[in-house]
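Q: Hi! Could you walk me through this structure in plain words?
A: Happy to, let's take a look together.

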Amino acid sequence: MAAIEWSWSRLMEFMIQSAHQLEVSPIVKYSALSLFADRFCPSLTRYTVGSNGKGNWLLQPIRESNLQLFALIALWISSKIHDSRPVSVKSFKSLGDKIIKDEHFTTRDFLEAEIVFMQVLDFEIGTSNIAFLLLEELLLQFNTSSYYRGVAKVGELLRFEACMDIMDLLYEKEETSTLYRSPRSLAASILIASYLITVPKQRWEFPILPWVGFVTSCKEENIVELVQEILKLVFEPR
């Protein structure tokens, strides 16, 4: 099989920027990232080595432009799952014409790529157990718990935008993108990291670590280790 020549960071940046240009909702964006980065890309080698992937021009060889097409396909599938009015294939093709530099893909190519994408995933496209949804649920519980403990203002200070910025940053590096394979512990760790970043130190009244450990059943020592890794990534020089 020919070597796969592509950059993970460029590909993730392409996908995140595409989601922003299409103005899709966060659930569409992060479901697509889960489908593409957590499942499609890791399955490519297995699929192409097997007989199923042989002979398909989108996979032989795998170029960065082809992977950019599949990134758009992940967004398209995610939009069809979550949006009452999904983004049209025409909109995806128009965007692809503008930002995919090395190849021109037709509408028919998009339709074929969707089939290939689904085949690589064995048609398993469920997105109910992803870090984004678990994080949303955790944040809602946190706001409720902080209110009843009399520190509701702390919940208001914890910004979900900061959580999403961290999620993007983790996806952009291949070595940290693997953390998404443990979505529950990752969601817990992102919540705590965002708390430490956005809530002023003098307002750290809420016992967030034991609370998160309790509601997620994750071990506190594992959460602390992940939080340290996230904070190191956030604050490392660019």
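Q: Before we start, what does "partly exposed" mean?
A: A residue is buried under 20% relative accessible area and exposed over 50%, and partly exposed is in between. Also keep in mind that this is a predicted model.

Q: Okay, try it on Lys80. Is Lys80 buried, exposed or partly exposed?
A: Lys80 counts as partly exposed, because its relative accessibility is 37% and partly exposed lies between 20% and 50%.

Q: What does the side chain of Lys80 meet?
A: The side chain of Glu114, in a salt bridge with 2.5 Å from N to O. Lys80 lies in helix 3 (residues 64–82) and Glu114 in helix 5 (residues 107–120), so the pair ties together parts that are 34 residues apart in sequence.

Q: And Glu114, buried or exposed?
A: Glu114 counts as buried, at 16% relative accessibility.

Q: Why can side chains like that pair up?
A: Side chains of opposite charge can pair when their charged atoms come close.

Q: How many salt bridges are there in the whole structure?
A: A search finds five. One of them joins Lys29 and Asp168, with the closest N and O atoms 2.9 Å apart.

Q: Where do Lys29 and Asp168 sit in the chain?
A: Lys29 is in helix 2 and Asp168 is in helix 8, so this pair links distant parts of the chain, 139 residues apart.

Q: Lys29 and Asp168: buried or exposed?
A: Lys29 is buried, with a relative accessible area of 7%. Asp168 counts as buried too, at 10% relative accessibility.

Q: Can you give me another salt bridge?
A: Sure. Glu236 and Lys173 meet through their side chains, at 3.5 Å from N to O. This pair also links distant parts of the chain, 63 residues apart: Glu236 is in the segment after helix 12 (220–235), and Lys173 is in the loop between helix 8 and helix 9 (174–177).

Q: What about the exposure of Glu236 and Lys173?
A: Glu236 counts as partly exposed at 30% relative accessibility, and Lys173 counts as partly exposed at 28%.

Q: New topic: the nonpolar core. Which residues touch the most other members of the largest one?
A: Phe36, Phe40 and Phe117 do, out of 87 residues in that core. Helix 2 gives the largest share of this core, twelve residues.

Q: Why would nonpolar side chains gather like that?
A: In soluble globular proteins, nonpolar side chains tend to be buried together.

Q: What is Phe36 in contact with?
A: Leaving aside neighbours within four places in sequence, Phe36 has contacts that include Leu11, Met15, Leu67, Phe70 and Phe117.

Q: I also spotted Gln68. Where is Gln68, and what does Gln68 touch?
A: Gln68 lies in helix 3. Not counting residues up to four places away in sequence, Gln68 touches Leu11, Phe14 and Ile100. Gln68 is buried, with a relative accessible area of 12%.

Q: Last thing, pockets! How much space lies in the second largest pocket?
A: About 170 Å³. There are 15 residues lining this pocket, and the closest to its centre are Ser34, Asp38, Asn129, Ile130 and Tyr180.

Q: Which elements give two or more residues to that lining?
A: Helix 2 (26–49), helix 6 (131–148) and helix 8 (160–172). The largest share, four residues, comes from helix 2.

Q: And how do the lining residues divide by type?
A: The lining of the second largest pocket has eight nonpolar, four polar and three charged residues.

Definitions and conventions
Residues are numbered from 1 along each chain as its sequence is written. This is a predicted model: local features need pLDDT of at least 70, side-chain atom pairs count only at pLDDT 80 or more; totals for chains, interfaces and linings use all residues. Side-chain values use heavy atoms; hydrogens and water are left out. On a 1 Å grid over the protein atoms alone, a cavity is a set of points where a 1.4 Å probe fits but cannot get out, and a pocket is an open set with protein on both sides within 12 Å along at least five of seven lines; lining residues have an atom within 4 Å of a point. Grid points are joined across faces, edges and corners, and a volume is the space filled by probe spheres set on the points. Ala, Val, Leu, Ile, Met, Phe, Trp, Tyr, Cys and Pro count as nonpolar, Asp, Glu, Lys and Arg as charged, and the others, Gly among them, as polar. A salt bridge is a side-chain nitrogen of Lys or Arg within 4 Å of a carboxyl oxygen of Asp or Glu. Buried means under 20% relative accessible area, exposed over 50%, partly exposed in between (1.4 Å probe, protein chains only). A nonpolar core is a set of buried Ala, Val, Leu, Ile, Met, Phe, Trp, Tyr and Cys residues joined through side-chain atoms within 4.5 Å. Contact means heavy atoms within 4.5 Å.
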